[in-house]
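Trainee: Hi, have you got a minute to go through this structure with me?
Mentor: Sure, let's open it up.

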Amino acid sequence: MQEEQGDGQWLLKIPTQIFIQVPMKIQNIVCIGAGYVGGPTMAVIADRCPHLRVTVLDINADRIAQWNSDHLPMFEPGLDAVVARCRGKNLFFATLTPELIRAADVVFVSVNTPTKTFGEGAGRAADLQYLEKSARFIKPHLKPGTIIVEKSTVPIRTAQALSTIFSYGQDGGDYPILSNPEFLAEGTAIRDLESPDRVLIGSSSNEQGRKAAQALADVYAHWIPKERILLTNVWSSELSKLAANAFLAQRISSINSISALCEVTGADVGEIAHAIGVDQRIGPRFLEASVGFGGSCFRKDLLNLSYLCEAEGLKEVAAYWSSVVEMNDYQINRFIRRIIQVQFNSIAGKKIALLGFAYKPGTNDTRDAPAIRIATGLLKEKAVLTITDPKALDNARLDLQGLEGTVHYEADPYKATEGAHAVALLTHWPEYRALDYKKIFAGMEKPAFIFDGRNWLDHQALFKMGFNVYPLGKTPLSHI
Ligand code: NAD
Ligand code: UGA
């Protein structure tokens, strides 16, 4: 689609074979939203483009103070080093400041777009209030021609709503709007940003839109091979993001559905994942059976996709995608039920240790972590919980505050499991493989149960130590 000319100029080759000279240059970038996406993404842009000035703005002054401190607001491998290289040089963090917006050639909007909790579409539609508030805040301060980039994950045609907001009024219409969704995964965000499978930039097909898309592509081209920078129309870009998350989540629900069948038939879900994953048409990734997917996006984006389909009258399509969420809920509930049933249908007063609370290893993020639902379910049965996690204990405390029942938070996994009737592994942190399970077994009540919600541990070895082992999608190893 694109060809480089001399002195860094780009030509955009559009399907009609017309070539348009693109002179737009970006020097000053502002991002609204200093969260899990805005912060790391801007840090990597600043790191890879030392000639650019990058400023990240947020409404949350505490978060900005953390970004400006030695304790960044999130744990993300490699992030500290990237920030240390650029902060104060060409990377800045500040609260919303009109003068900084006025200086911007590009404004990324990377605010949260959670599931709506009220009114029409509650529990399914995306809540776009933060996006709209950001747009309304920045609009009066923009200089003409500033490129607006939707970084947040949004429903298809959100760019149209933004365009209406920006074009309203006397100076309206001179702000090209691009869709540039983010595909990073937490825990590997820096690697994903430094070497992404693709960067997607959607624009309108008019000359202004194409020039803006090319100017943004030029920024990414400083470190990303050109063939990985995909230019599409804006609606395809917006919908590709929802579709990508839906496809990834669908694979997890598919393998989790098979895990349930394995448990009643004697098949082994690990062997099945391997057998189907070596088929090059399927591939091995995202086939790990688990206690369920979590994180701030899969559930939210699936529900949003399903809601959008329903709103367009596509009932069958809506039902198809919401079934991926239903399967995830089923898997989480199945795990809770098993913990109760196996322990003689009674866990009241029994200590159960949860190994891991984050929704995946490599992050302190607990948003929509299966651990929240599992802890809630076990507390309803009056179990006494001890939660341990190498990074996420503070968030766990916040997630479970106000729940009825007894919950202890313990950084040391040995103390956490001391006196427990059962251990449930919920996050596959590498350090949990290296624990001394003989020591853990010795300190537990007997019979001692272990529920491996990630198929992460050596089940035969645990069984030999005396544990009753309940993996996912495999025959239990029980002494009882
Ligand atoms: P987040 O909650 O971590 O960060 C959002 C930030 O926006 C917060 O710091 C909040 O204070 C700020 N904010 C909200 N309203 C504001 C306003 N009006 N002005 C200034 N700041 C405002 O969210 P996140 O995880 O970074 O996700 C952001 C978007 O990126 C979402 O749409 C999400 O779906 C998408 N996304 C997230 C991930 C991920 O791994 N977390 C990956 C890809 C895409
Ligand atoms: C996911 C996508 O992978 C990113 O591409 C996307 O940008 C991001 O969502 C987003 O839009 O927020 P993330 O949620 O950070 O990233 O992490 P994943 O690695 O996708 O894992 C999500 C959940 O699925 C975790 O709970 C993980 O444990 C679970 N999972 C993953 C499985 O249960 N089995 C698998 O085989 C893979």
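Trainee: How do the residues of the shell around ligand 2 divide into nonpolar, polar and charged?
Mentor: There are eleven nonpolar, three polar and six charged residues in that shell. Ala, Val, Leu, Ile, Met, Phe, Trp, Tyr, Cys and Pro count as nonpolar, Asp, Glu, Lys and Arg as charged, and the others, Gly among them, as polar. Bear in mind that this is a predicted model, where local features need pLDDT of at least 70, side-chain atom pairs count only at pLDDT 80 or more, and totals for chains, interfaces and linings use all residues. Residues are numbered from 1 along each chain as its sequence is written, chains are lettered from A and ligands numbered from 1 in the order in which they are written, and side-chain values use heavy atoms, with hydrogens and water left out.

Trainee: Cool, which residues are the closest to ligand 2?
Mentor: L184, S290, C297, Y359 and R454, out of 20 that surround ligand 2 (a heavy atom within 4 Å).

Trainee: And which helix gives the most to that shell?
Mentor: Helix α9, residues 234-265, with four residues.

Trainee: What does S290 do there, at the atom level?
Mentor: One of its polar side-chain atoms lies 2.6 Å from an oxygen atom of ligand 2. For L184, a backbone N or O atom is 2.6 Å from a ligand 2 oxygen.

Trainee: How much of ligand 2 does the protein cover?
Mentor: 89% of the 700 Å² of accessible area that ligand 2 has on its own (Shrake-Rupley method, 1.4 Å probe).

Conventions
Polar contact = N/O pair within 3.5 Å; in protein donor to acceptor, adjacent residues only side chain to side chain. Helix = DSSP H or I, 4+ residues; strand = E, 2+ residues; numbered from the N terminus.
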